[in-house]
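Me: Please take a close look at one part of this model. I should like to know how that part is built, what surrounds it and how its charged side chains are paired.

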Amino acid sequence: MRGVSTDRTTGLLGALLAEFVGTMILILFGDGVVAQVNAATDGSLGGHDAIAWSWGIAVTLAIYVAGRRSGAHINPAVTVSLAVFEGFAWRKVMPYIGAQFLGAFTGALLVRWNYTETLAKVDPGHTMKTQGVFSTLPGNGSLPVSEWGALRDQIIGTAVLLLVIRALGDVRNSPPLANMAPLMIGLLVVVIGMALGADAGYAINPARDFGPRMASFITGYGTAFRDQYGNLYFWVPIVGPLIGGLVGSGLYSLLVRYWLPDDPDVDPTAEPESQETGTVPDEATI
């Protein structure tokens with residue numbers, strides 16, 4: 001196309017900017033809803049369901065924003081898993097992850113700035129009471145879950161996330177049509193939040209947790225890297241999702257994708273003879 005630069009439309013910079021913006025949108029809405037819920041101690045501004053739905057919708061919108069240009073990974077666990085199992089270029093892995101962390105950090109700073117007065121009113125000391133607005137805690141800061149229990153939770157939750165994401169994006173399977181995959185992935189995040197959200201706050205995304213954790217730390221949350229027990233906790237929502245993403249992707253490749261036909265038009269559930277083409281039916285059977 002005349003006037004369109006190949007570097008602008010296909011270069012790495014454009015993809016990184018898309019990852020940055022997409023992840024920023026994710027955190028702006030995701031952390032924003034948690035801040036709003038925390039603003040009213042009587043629950044009048046929503047609760048767990050509002051948080052789960054808002055995070056899911058935020059994922060959908062972030063994918064629509066960044067999907068065409070970068071593939072909308074918006075999650076280091078997705079980027080690493082696609083590099084291992086789908087041939088995503090390894091030279092792009094660290095730049096993508098850097099853009100994702102920076103986008104999450106920026107989105108969290110915007111939430112922190114926008115809710116400055118509210119957070120100061122609800123939690124003047126910027127303590128564990130509102131630390132969960134930005135980063136996750138074992139048992140959401142109240143249930144008796146250890147860091148090891150939270151690590152288990154993050155591995156399981158991210159494994160489910162990547163297994164289903166790969167199924168939704170696999171043309172050899174039965175992917176959603178009419179550009180509906182972002183909506184389905186958003187609903188996937190909603191159900192993970194509703195079913196697997198209690199033990200560790202379903203970070204399932206290292207950038208989503210560490211970027212806002214850093215933003216909260218530099219703006220007054222001195223305990224941002226620790227949990228309610230005083231233990232260093234920040235590594236759990238990083239290591240757990242990276243392991244879980246590889247586990248989930250591996251399970252999809254082994255248990256589903258390996259058994260799919262190379263031709264997406266072939267029905268793998270049909271009997272072999274029903275897949276033959278070019279045969280003339282017997283008149284006696286018509």
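What follows is an account of helix α10, continued into the parts of the chain around it.

Reply: The model is predicted, so local features are reported at pLDDT of at least 70 and side-chain atom pairs at pLDDT 80 or more, while totals for chains, interfaces and linings use all residues. Residues are numbered from 1 along each chain as its sequence is written, and side-chain values use heavy atoms, with hydrogens and water left out.

Helix α10 comprises residues 206-218; helices here are DSSP runs of H or I with at least four residues, numbered from the N terminus. Its 13 residues reach 18 Å from the first C-alpha to the last, close to the 18 Å expected at 1.5 Å a residue, where the expected span is 1.5 Å times one less than the number of residues. After the helix comes G220, with a positive phi near 120°.

The buried residues of α10 are P206, A207, R208, D209, G211, P212, R213, A215 and S216. Buried means under 20% relative accessible area, exposed over 50%, and partly exposed in between, with a 1.4 Å probe and protein chains only. The cover over these residues includes α2 (12-39), α3 (48-70), α4 (76-85), α5 (93-114), α7 (128-131) and α11 (236-255).

Two of the buried residues form an ion pair: D209 and R213 meet in a salt bridge, N to O at 2.7 Å. The term requires a side-chain nitrogen of Lys or Arg within 4 Å of a carboxyl oxygen of Asp or Glu. D209 and R213 are separated by about one helical turn because they are four residues apart in α10. Both D209 and R213 are buried.

At the start of the helix stands N205, in the loop between α9 and α10. With a relative accessible area of 5%, N205 is therefore buried. A side-chain oxygen of N205 reaches to within 3.0 Å of the backbone nitrogen of A207, and the side chain of N205 also reaches the backbone nitrogen of R208, at 3.1 Å. Polar contacts of this kind are pairs of N or O atoms within 3.5 Å; within protein, one must be able to donate a hydrogen and the other to accept it, and residues adjacent in sequence count only if both atoms are side-chain atoms. Leaving aside neighbours within four places in sequence, N205 is in contact (heavy atoms within 4.5 Å) with L26, I74, N75, P76, P237 and P241.

P237 and P241 are among the buried residues of α11, a group that also includes V236, G240 and Y252. Helix α11 has 20 residues and reaches 27 Å from first C-alpha to last, close to the 28 Å expected at 1.5 Å a residue. Its buried residues pack against α4, α8 and α10.

Y252 leads on to D170, which lies in the loop between α8 (147-168) and α9 (181-196). D170 has a relative accessible area of 5%, so it is buried. Beyond four places in sequence, D170 is in contact with P175, Y252, R257 and L260. A polar atom of the D170 side chain lies 2.9 Å from the backbone nitrogen of R172. R172 in turn forms a salt bridge with D262, the closest N and O atoms being 3.5 Å apart. This pair links distant parts of the chain, 90 residues apart: D262 belongs to the segment after α11, and R172 to the loop between α8 and α9. D262 is exposed at 67% relative accessible area, whereas R172 is buried at 17%.

Helix α8 takes part in another salt bridge, in which the side chains of R166 and E86 meet at 2.6 Å, N to O. R166 lies in α8 and E86 in the loop between α4 and α5, so the pair ties together parts that are 80 residues apart in sequence. R166 is buried at 5% relative accessibility, while E86 is partly exposed at 39%. A search of the whole structure finds six salt bridges.

Helix α8 also holds G157, which counts as buried at 1% relative accessibility. Leaving aside neighbours within four places in sequence, G157 is in contact with I192, L196 and I204. The C-alpha atoms of G157 and V189 are separated by 9.7 Å, although the two residues are 32 apart along the chain.

How values were computed:
Helix = DSSP H or I, 4+ residues; strand = E, 2+ residues; numbered from the N terminus.
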